[in-house]
Amino acid sequence: MVRNSISGRIRWTFSDDNPVIAPGQLHEDMDSRRAGAAHVLQLGDRYRMYYWGTGANGFHRILVAECPVDEPNDWEPVGVALSRQRDTDYNDEGPGFPFVVPRDDGPWLLYFCGWGKPRTDGKLPNTTGVAVSDDGGYRFRYPKREPILPLDRDWDREGTGSVCVLRANDRYHMYYTSIGAYFNRPDGAITGHGDVIPRIGIAYAASTDGIAWTKPMNDLMVSPRGFDTEPYEYICSKPFVLQEPGGFRMWVNTFGTAYRMRSLVGPDLRSWRWCDSGPEGELGVGRAGAFDDRQRCYVSIVKHGEEYRCWYTGNRFGATGMGYAVGRLEVE
């Protein structure tokens with residue numbers, strides 16, 4: 001009998017207090033300042049990880065590592081999949097937050113959050129781009145010199161960022177981080193961004209080819225919950241969606257005073273309900289002094305039998321590296 005995985009909670013156990021990939025561990029200067037926000041794929045008997053590396057010069061790139069499925073953290077460096085687009089407004093400082101879609105009927109697709117030239121108003125210089133690979137996902141090239149998502153809706157006029165893309169029923173379904181507006185901190189709210197804060201949520205787009213996208217909805221698909229949860233929540237970002245028996249599970253990262261990982265479940269790709277996770281989120285934080293004692297976020301999850309294998313980002317968005325957890329379903 002196949003268990004309905006979306007009816008239960010997942011209990012997570014963690015490897016130890018040290019990262020499984022630390023900055024500079026795999027690619028020396030190319031990821032010496034950051035190693036985080038990974039996307040892990042299973043390709044036969046090996047895992048391939050794409051991750052956001054920031055080098056000693058402050059520029060971003062997408063880096064690649066591989067390991068055997070039977071040794072899920074025996075990572076070996078592969079090299080650079082994608083570097084910055086010099087002299088472009090949207091990606092001059094380089095790509096981060098990779099999400100890769102392998103394809104047999106065309107080039108592989110790598111979606112990324114472009115870090116543009118710093119804005120004079122201090123707001124986030126982020127938009128979403130795509131790169132393509134003709135060699136099975138080792139090296140990618142840019143088909144465009146501009147973002148693939150226009151900033152043309154009330155919920156994404158200030159920027160877009162990290163994505164999760166699923167291919168189903170001859171369509172591509174994109175869940176993307178959407179920056180809609182900056183607003184004054186509400187009375188009684190404690191925030192991590194001072195008195196002017198962004199409203200960031202999860203929006204939805206659809207495509208027939210993975211390159212050109214439409215936005216069929218009239219608002220965010222998943223909104224930050226404000227005062228409906230504790231602490232006050234104004235960011236819901238970097239989605240990761242996994243198909244399960246009985247439906248789908250979406251992990252997101254919420255922010256009130258620090259990032260916490262939470263999940264939602266639903267019977268299809270359009271309807272979602274929040275799972276209970278408490279103030280510290282589904283993953284909590286590490287022990288005092290550990291690389292993840294302030295936050296665990298930006299997950300990539302692969303099913304291995306009954307296990308959920310999870311790679312996540314530690315403090316300061318990967319400045320302390322990435323950790324690993326194994327989850328097991330608690331069936332109600």
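Here's a short walk through one sheet and a handful of salt bridges in this predicted model.

Start by selecting 94-101 and 126-133, which are strands β6 and β8. Add residues 108-115 to bring in β7. You're now looking at an open sheet of three strands, ordered β6-β7-β8 and paired antiparallel. β6 and β8 sit at the edges with a single partner strand each, so one side of each has no neighbour in the sheet. On average, neighbouring strands here are turned by 25° against each other, ignoring direction.

Now zoom in on β6 and β7: the two run antiparallel and are joined by six bridges. Pick F99 and look across to Y111, its bridge partner in β7.

Next, follow the chain into the loop between β6 and β7 and select D105, then add R167 in strand β9 (residues 159-168). These two form a salt bridge, with their closest N and O atoms 2.6 Å apart. The pair ties together distant parts of the chain, 62 residues apart. Turn on the surface: is D105 buried or exposed? D105 is exposed, at 57% relative accessible area, while R167 is partly exposed at 44%.

The structure holds 24 salt bridges, and a few others deserve a click. Select E233 and R225, whose side chains meet at 2.9 Å, N to O. E233 counts as buried because its relative accessibility is 4%, under the 20% cut-off. Then try E307 with R309, a salt bridge at 3.2 Å; both of these residues are buried.

For the last stop, select R119, D121, K123 and E158 together: salt bridges link them in a network.

How values were computed: Residues numbered from 1 in each chain as written. Predicted model: local features only at pLDDT ≥ 70, side-chain atom pairs only at ≥ 80, totals over all residues. Heavy atoms only, no water. Pairing = 2+ DSSP bridges. Helix = DSSP H or I, 4+ residues; strand = E, 2+ residues; numbered from the N terminus. Axes fitted to C-alpha atoms, helices over the stretch in contact; angles between N-to-C directions. Salt bridge = Lys/Arg side-chain N within 4 Å of Asp/Glu carboxyl O. Buried < 20%, exposed > 50% of the residue type's maximum accessible area, 1.4 Å probe, protein only.
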